[in-house]
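Student: Could you walk me through this one before I go back to the bench? I have a handful of short questions.

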Amino acid sequence: MNPLVSVIIPVYNVEKYLRRCLNSVIDQEYKNIEIILVNDGSTDNSLEIAISYKEKDKRIKVFSQENQGLSAARNMGLDKSHGEYITFIDSDDYVSKDYVSYMFNLLKKHNFKSPLAIASLMDVFEKNDKKINTGNNKEYTWSGKKCIEKMCYHDLVDTCAYAKLGKRELYKNFCFPIGKLFEDIGSTYRLFERSATVECGFKPIYFYNIRKNSITTGEFSAKKLDLLEMTDKMARSVNKKYPDLTSATLRRQVYARFSTLNQTLNVKNNPEVSSIRKNLISYINKNEKAILSNNNTPTRDRLAYMSLSLGFGFYKFSWLVYLKLKK
């Protein structure tokens with residue numbers, strides 16, 4: 001029999017999306033799964049929906065906690081799970097029928113020498129149902145170190161907790177940082193650090209729902225600065241283990257500043273945000289030479305620097321035009 005796989009799904013106020021997510025998991029080709037639902041203090045009908053599905057499928061287990069955030073819910077899921085392998089799914093997203101089997105077969109193909117398999121996302125824009133494949137539909141066996149480097153350059157490998165299937169041993173003494181946004185960048189790299197090799201299949205089997213007012217698309221608040229803290233945490237750890245990746249981690253740190261800067265663009269007449277914006281631009285400019293002289297720096301970073309060099313007003317205009325075209 002195939003080993004048990006624990007599918008961990010944090011649940012918080014997702015009554016609009018939860019049925020779609022659960023239907024996609026129940027319908028997996030790989031049947032030997034346990035589905036761990038962690039209700040993180042939902043105030044809508046999410047818990048009732050979860051319980052109704054539990055009554056239909058004995059593989060589903062439902063746990064509840066007071067609202068503590070995504071990290072705490074994932075950590076509880078790890079504590080309650082029993083599978084030999086672990087994978088995560090966010091409850092407003094959904095997956096293909098071969099989500100588990102595809103990643104499991106990547107590991108099986110190489111006699112389970114790698115403890116971790118990863119796949120790609122299909123970005124789905126809720127507003128118009130536009131879909132973008134973030135992968136290239138190819139397969140590789142890469143070192144964990146190479147995966148970190150690729151991750152730092154946004155080159156196929158991403159930071160998300162989902163679209164990954166890992167041996168339970170990878171998650172020993174592993175926890176997501178509680179109370180932090182963008183917790184994935186502050187934790188996923190550790191899976192790569194612990195993996196000598198990783199089976200990479202960049203087929204889009206995870207459908208990532210891009211919706212208004214999510215953590216990444218919602219209005220700016222000081223909590224969004226968690227991205228900088230989590231990215232810097234990753235950089236310190238990676239630089240200590242792999243000193244030759246400092247150029248890669250610096251690129252990711254600068255990207256985090258650009259990303260945070262972008263989220264402040266629509267904030268007006270706010271002295272605190274103006275100060276934050278000034279510090280972000282200072283960090284970006286300080287590292288301009290190192291980033292632009294790096295041959296691995298993505299084109300979009302170079303364009304961002306070019307736009308910013310023409311003034312903050314031009315940068316804001318060009319970014320908003322880009323977003324409109326993307327959507």
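Tutor: We can take the cores, a helix, the cysteines and some backbone angles in turn, keeping in mind that this is a predicted model.

Student: OK, which residues touch the most other members of the largest nonpolar core?

Tutor: Those are Met151 and Phe192, in a core that counts 54 residues. Helix H8, which covers residues 246-263, gives the most to this core, with six residues.

Student: And what does Met151 touch, leaving out residues up to four places away in sequence?

Tutor: With those left out, Met151 touches Val157, Asp158, Thr159, Ile185, Tyr189, Phe192, Met234 and Arg252. Apart from that core there is a second, separate one of 38 residues, and Val5, Tyr30, Ile89 and Ala119 are among its members.

Student: Switching to helix H11, which of its residues are buried?

Tutor: In H11, residues 299-309, the buried ones are Asp301, Ala304, Tyr305, Ser307 and Leu308. They lie on the same side of H11, because the arc they cover around the axis is only 165°. Thr299, Met306 and Ser309, on the other side of H11, are exposed.

Student: Why do residues three or four places apart point the same way in an α-helix?

Tutor: An α-helix has 3.6 residues a turn, so residues at that spacing point the same way.

Student: What comes just after H11?

Tutor: Gly311 is found there, and its phi is positive, at about 115°.

Student: Which residues other than glycine have a positive phi?

Tutor: Two examples are Asn13, with a phi of about 50°, and Asn137, with a phi near 60°. Asn13 sits in the loop between strand E1 (5-11) and helix H1 (18-26), while Asn137 sits in the loop between strand E7 (130-133) and strand E8 (139-143).

Student: Are those two buried or exposed?

Tutor: Asn13 counts as partly exposed because its relative accessibility is 28%, whereas Asn137, at 52%, counts as exposed.

Student: New topic: how many disulfides does the structure hold?

Tutor: It holds zero disulfides.

Student: Why is there no bond between Cys200 and Cys147?

Tutor: The closest cysteine sulfur to that of Cys200 is in Cys147, but the two are 3.9 Å apart, which is too far for a bond, since a disulfide needs the sulfur atoms within 2.5 Å.

Student: And what about Cys152?

Tutor: Its closest cysteine sulfur is also in Cys147, but at 11 Å that is too far for a bond. Cys152 counts as buried, with 0% relative accessibility, and Cys200 is buried, with a relative accessible area of 0%.

Key
Residues numbered from 1 in each chain as written. Predicted model: local features only at pLDDT ≥ 70, side-chain atom pairs only at ≥ 80, totals over all residues. Heavy atoms only, no water. Helix = DSSP H or I, 4+ residues; strand = E, 2+ residues; numbered from the N terminus. Buried < 20%, exposed > 50% of the residue type's maximum accessible area, 1.4 Å probe, protein only. Core = buried A, V, L, I, M, F, W, Y, C linked by side-chain atoms within 4.5 Å. Contact = heavy atoms within 4.5 Å. Arc of directions from axis to C-beta.
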